[in-house]
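Here's a quick tour of a structure from the point of view of its empty spaces and its helix packing. Have a look at it first, then read on.

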Amino acid sequence: MKTIKALLLATLLTLGLPAAAQAVMTFQHPWQGKRVAYFGDSITDPRNNGSQKKWWHWLQTWLDIEPFVYAVSGRQWNDIPNQAEKLKAEHGDDFDAILIFIGTNDFNAAVPIGDWYTIAEDSVEAAVHRPRATVLRRHREPSMNKDTYRGRINIAMKRVKEMFPTKQVVLITPIHRGYFYGNEQNIQPTEAYTNEIGEWVDAYVQSVKEAANIWAVPVIDLNATCGFFPLVDEQIVYCHNEKDQLHPNDAGQVRMARTVMYQLLALPCTF
């Protein structure tokens, strides 16, 4: 498998641009050789049998990233603090960045979306074109409601920001959801249907994108950019099998990995 440098070099040489090709020889992906922690669920968990290799395996191969994987099948956003604690216990601050790819199980479990903030009136000192005075203004704090999706994201991101204040943290949106049959007690319809509380999966994807602005972290919208769309029958080529169109197979994982690799090219890994 060619690295990103090799692909760029081959393209430039084919176009007859030797000077540009020489410049590529000194190019290095900003995540090359870094130590990266991965938080998430079954799509990232190496123990899930949907594919032989996960997307982070390919980043390890192409970019020589040393992976620290804490993803666990079936987990929801409320497990991210646990995964962060395990990272801290095993590696302290001796790593470079964290990628968080989770949320699809919150949708399936019908976790209410909730609010980003709790809002109330509060007094505060201010001086705007007049002497300092105590004034009454609306004041907001991130909602820390563990029973809502946005509350769970706030709890997780606050904890990660507190534990690892200098680290790069990147959010990844949940991918599209196809049909899944595990057994008679685990049947999951496609995303063409709402969950048990009437929410579309879109709200859970959109909330991750909004969280990027709220918590000042970059987001990779894999839902939009990776091309995995199991609601089209022909795209089963990217799915584990006919009963499991929720988990990408090896081809699907490679496609996701390529998308993430090029998105990471625009982001610093260390500061």
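## The largest pocket

In this predicted model, the largest pocket is lined by Ser 42, Ile 43, Asn 48, Ser 73, Gly 74, Thr 104, Asn 105, Phe 180, Asn 186, Gln 188, Leu 246 and His 247. If you're after secondary structure, helix H5 (104-108) and strand S8 (186-188) are the elements that give two or more residues to that lining.

How much space lies in the largest pocket? About 150 Å³. As for chemistry, the lining residues split into 3 nonpolar, 9 polar and no charged. So don't go hunting for a salt-bridge partner in that list: the count of charged residues is nil, going by the classes used here.

## The cavity

There's also 1 cavity of 30 Å³ or more in the structure. The largest cavity comes in at a volume of about 50 Å³.

Its lining is made up of Asp 41, Ile 43, Phe 101, Thr 104, Pro 174, Ile 175, His 176, Arg 177 and Leu 246. Sorted by class, that gives 5 nonpolar, 2 polar and 2 charged residues. Ile 43, Thr 104 and Leu 246 are worth a second look: they line the largest pocket and they line the largest cavity too.

## H4 against H6

On to the helices. Two packed helices are described by the angle between their axes and the distance between the axes. For helix H4 (residues 80-91) and helix H6 (residues 149-163), the angle is about 15 degrees and the axes sit 9 Å apart. Angles under 35 degrees count as roughly parallel, and H4 and H6 are therefore roughly parallel to each other. Their crossing is right-handed.

Which residues meet here? From H4 you get Ile 80, Pro 81, Ala 84, Glu 85 and Lys 88, and facing them in H6 are Ile 155, Ala 156, Arg 159, Val 160 and Met 163. This contact of H4 with H6 holds 7 nonpolar, no polar and 3 charged residues.

## H6 against H7

H6 has another partner in helix H7 (residues 201-214), packed at an angle of about 35 degrees with the axes 11 Å apart. This crossing of H6 and H7 is right-handed as well.

On the H6 side, the contact uses Tyr 149, Arg 150, Ile 153 and Asn 154, which meet Tyr 204, Ser 207, Val 208, Glu 210, Ala 211 and Ile 214 in H7. By class, the contact of H6 with H7 comes to 6 nonpolar, 2 polar and 2 charged residues.

## H3 against H9

Last up are helix H3 (residues 55-63) and helix H9 (residues 250-264), which pack at about 55 degrees with their axes 8 Å apart. That angle makes H3 oblique to H9. The crossing of H3 and H9 is right-handed.

H3 brings Trp 55, Trp 58, Leu 59, Trp 62 and Leu 63 to the contact, while H9 supplies Gln 253, Val 254, Met 256, Ala 257, Arg 258, Val 260, Met 261 and Leu 264. In terms of class, the contact of H3 with H9 has 11 nonpolar, 1 polar and 1 charged residues.

Notes. Residues are numbered from 1 along each chain as its sequence is written. This is a predicted model: local features need pLDDT of at least 70, side-chain atom pairs count only at pLDDT 80 or more; totals for chains, interfaces and linings use all residues. Side-chain values use heavy atoms; hydrogens and water are left out. Axes are lines fitted to C-alpha atoms, for helices over the stretch in contact, and angles run from 0 to 180 degrees between N-to-C directions. Helices (H or I, at least four residues) and strands (E, at least two) are DSSP runs, numbered from the N terminus. Angles under 35 degrees count as roughly parallel, over 145 as roughly antiparallel, 65 to 115 as roughly perpendicular and the rest as oblique. A crossing is left-handed if the near helix is turned anticlockwise from the far one by less than a right angle, and right-handed if clockwise. Contact means heavy atoms within 4.5 Å. On a 1 Å grid over the protein atoms alone, a cavity is a set of points where a 1.4 Å probe fits but cannot get out, and a pocket is an open set with protein on both sides within 12 Å along at least five of seven lines; lining residues have an atom within 4 Å of a point. Grid points are joined across faces, edges and corners, and a volume is the space filled by probe spheres set on the points.
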